[in-house]
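Reader: I am new to this structure and would be grateful for a close look at a single part of it, followed by an account of its surroundings.

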Amino acid sequence: MAHGRPRKTAEAAAADNGATVGYEAQLWKMADALRGSMDAAEYKHVVLGLIFLKYVSDAFEELHRKLEAERAEGADPEDPDEYRAQNVFWVPREARWSQLKAKARQPEIGRLVDEAMAAIERDNPALAGVLPKDYARPALDKVRLGQLVDLISNIEVGNEAARAKDVLGRVYEYFLAQFASAEGKKGGEFYTPRCIVKLLVEMLEPYHGRVYDPCCGSSGMFVQSIAFIRAHATGNGNGGRTPRGAKKPDISIYGQESNYTTWRLAKMNLAIRGIDGQIAHGDTFHDDRFPDLKADFVLANPPFNVSDWGGERLKNDKRWRFGVPPAGNANFAWVQHIIHHLAPHGVAGFVLANGSMSSQQSGEGEIRKAIVEADLVDCMVALPGQLFYSTQIPACLWFLARDKRNRRFRDRRGQVLFIDARKMGRMVDRTHRELTDAEIAEIAGTYHLWRGETDVPPEAVGGRTAYEDVPGFCKSATLDEIRAHGHVLTPGRYVGAAATEEDDEPFEEKMARLVAELRAQQEEAARLDAQIAANLRELGYGG
């Protein structure tokens with residue numbers, strides 16, 4: 001049943017899926033040129049920390065000027081409460097960017113940046129323990145650091161105009177992607193490509209309630225969820241409106257990240273967007289910080305491997321309702337962990353390696369069978385390769401639903417939608433691919449039509465106004481069909497081959513034409529061989 005969700009036009013959906021505002025690539029090249037021999041993993045925190053510092057200082061300075069102009073009316077530009085009331089971080093005098101810029105070329109610039117970071121954390125409890133404070137270390141070239149300060153001084157990222165365009169958020173996101181690419185596997189462990197996040201969010205539509213990511217990395221899932229709400233509910237160019245029956249967008253976010261430095265990035269990534277969330281530090285399997293949380297939406301890109309399942313506590317954990325995960329069985333440990341945290345009406349979308357759809361090793365087949373028979377699987381999407389920075393392993397999207405009855409949508413019990421998107425995507429460089437907005441709209445729109453929604457723009461889904469199977473792309477399968485395939489969930493098993501155009505050319509005519517083409521190609525090859533031989537003889541290499 002439709003619920004008044006606004007839809008993008010086909011023109012908007014066809015736009016590039018990059019997160020650029022026009023100069024990120026140039027800024028990245030300049031910043032990367034200052035890296036020298038420093039490892040990207042180390043340099044990442046140097047650059048992103050400075051960008052964050054510039055952001056909070058820009059926002060502070062803009063409000064400071066406004067309050068200065070209102071002194072006669074009783075405003076106090078040096079009162080921290082004036083800033084907190086406007087949801088602006090208070091920046092003490094020694095931490096203001098103007099102070100750092102003036103001393104950027106001095107040898108003590110590293111110490112000054114560290115002191116600025118410490119001062120901001122001291123006066124803003126929400127940032128305690130989050131900001132990097134190791135700019136004074138001897139290994140960091142202070143000349144290059146000063147040049148980096150000068151470079152970042154040239155961009156406005158925190159004033160009102162920049163915040164309206166989310167300049168910092170988009171620059172930050174672009175830099176995260178570039179660092180992930182530069183670091184390879186190490187960087188990709190915490191960065192999920194924007195197009196994957198966008199696809200998950202567009203399909204699940206997390207308008208309200210509790211959103212949970214058990215391995216949140218740099219908080220990309222949350223950032224995109226909030227962006228989705230703002231785009232579709234505030235009318236910022238997309239004709240958005242609040243969904244029927246909803247008073248306003250309302251989300252509470254929860255996440256956990258085991259890597260401490262990545263957890264810090266997550267906190268900064270949320271802070272620059274003004275998003276408040278409960279992001280815990282720790283291993284979600286060995287120390288689940290939200291053990292009783294039941295989320296309305298779960299979005300996750302779990303790592304493709306998890307170590308150390310040992311210990312009786314883990315073996316007896318109530319999360320393993322579909323079987324104890326044997327050593328090394330990471331895929332289905334994540335699936336069960338996600339199911340454990342789903343509310344009775346909750347839905348989940350997450351990434352897993354392709355092997356999880358069909359593997360029979362380590363008890364995966366039995367666990368998958370139990371999940372299918374419990375009718376929890378709602379949709380499976382096979383992704384194209386080369387989307388991730390961390391691995392070239394083919395991946396798929398799983399969508400689970402606790403309740404597939406006619407609650408918000410049509411009754412889908414006993415049915416699973418399979419989508420094969422392996423042929424989609426465009427190459428953005430020699431090794432990386434991304435899904436375009438038009439492709440994301442087609443995949444999400446197909447899922448929404450299958451759920452029974454009626455407000456999907458036909459131009460986004462090939463002109464369709466109601467769901468239908470499309471050979472080679474999508475198939476709605478019954479549990480009996482899935483049983484017949486041994487509970488394998490690989491979309492290619494179900495969608496079949498794409499329809500081909502009818503060939504009405506008579507066989508004899510076709511063979512005559514093909515033979516003629518072959519003879520012409522052979523003659524051309526002989527002519528070229530003769531020309532090459534003649535050229536070689538002229539150069540003195542003839543036989």
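Which backbone nitrogen does the side chain of Glu121 reach, and at what distance?

Author: The side chain of Glu121 reaches the backbone nitrogen of Gly129, at 3.3 Å. Such a polar contact is a pair of N or O atoms within 3.5 Å; within protein, one atom must be able to donate a hydrogen and the other to accept it, and residues adjacent in sequence count only if both atoms are side-chain atoms. The model is a predicted one, in which local features need pLDDT of at least 70 and side-chain atom pairs count only at pLDDT 80 or more, while totals for chains, interfaces and linings use all residues. Residues are numbered from 1 along each chain as its sequence is written, and side-chain values use heavy atoms, with hydrogens and water left out.

Glu121 belongs to helix α6, residues 109-123; helices (H or I, at least four residues) and strands (E, at least two) are DSSP runs numbered from the N terminus. With a relative accessibility of 11%, Glu121 counts as buried, a word that stands for under 20% relative accessible area, with exposed for over 50% and partly exposed for values in between (1.4 Å probe, protein chains only). Apart from neighbours within four places in sequence, Glu121 is in contact (heavy atoms within 4.5 Å) with Leu127, Ala128, Gly129, Val130, Leu131 and Lys133. Gly129 thus appears both among these contacts and as the owner of the nitrogen that the side chain reaches.

Beyond this site, the model contains an open sheet of 9 strands with mixed pairing, in the order β3-β2-β1-β4-β5-β7-β6-β8-β11. Two strands are said to pair if DSSP finds at least two bridges between them. At the edges stand β3 (278-281) and β11 (474-478), each of which pairs on one side only. From one strand to the next, the twist averages 15°; axes are lines fitted to C-alpha atoms, for helices over the stretch in contact, and angles run from 0 to 180 degrees between N-to-C directions.

Within the sheet, β1 (residues 208-213) and β4 (residues 295-300) pair in the parallel sense over 2 bridges, and Val211 has Phe297 of β4 as its bridge partner. Strand β6 shows both senses: the pairing with β7 is antiparallel over 5 bridges, whereas the pairing with β8 is parallel over 4 bridges. Val381 has a partner on either strand, Leu397 in β7 and Ile419 in β8. Because 6 of its 6 residues are buried, β6 is largely enclosed by the rest of the structure.

Helices lie against the sheet as well. Helix α13 (residues 260-271) lies across β2 (250-257) and β3, and runs at about 170° to β3. Helix α17 (residues 437-451) packs on the sheet, touching β6 (377-382), β7 (395-401), β8 (415-420) and β11, and its direction makes about 160° with that of β8.

Two further helices are mostly hidden. Helix α15 (residues 330-340) has 11 of its 11 residues buried and is therefore largely enclosed by the rest of the structure. Among the buried residues of α15 are Phe332, Trp334 and His337; the buried residues of this helix pack against β1, β4, β5 (342-353), α16 (364-373) and β7. In helix α11 (residues 194-204), 10 of the 11 residues are buried, so that this helix too is largely enclosed. Just after α11, Glu205 takes a positive phi of about 55°.

Gln386, which is not a glycine, has a positive phi of about 65°. Gln386 sits in the loop between β6 and β7 and is partly exposed at 27% relative accessibility. His487 also has a positive phi, near 65°; this residue lies in the loop between α18 (479-484) and α19 (491-495), and counts as buried at 8% relative accessibility.

As for confidence, pLDDT is the predictor's confidence in each residue, from 0 to 100. The mean pLDDT of the protein is 83, and 84% of its residues reach 70 or more. Over residues 1-21 the pLDDT is below 50, and this stretch has 74 contacts in the model beyond near neighbours in sequence. For residues 307-311 the pLDDT stays under 50, with 12 contacts beyond four places in sequence.
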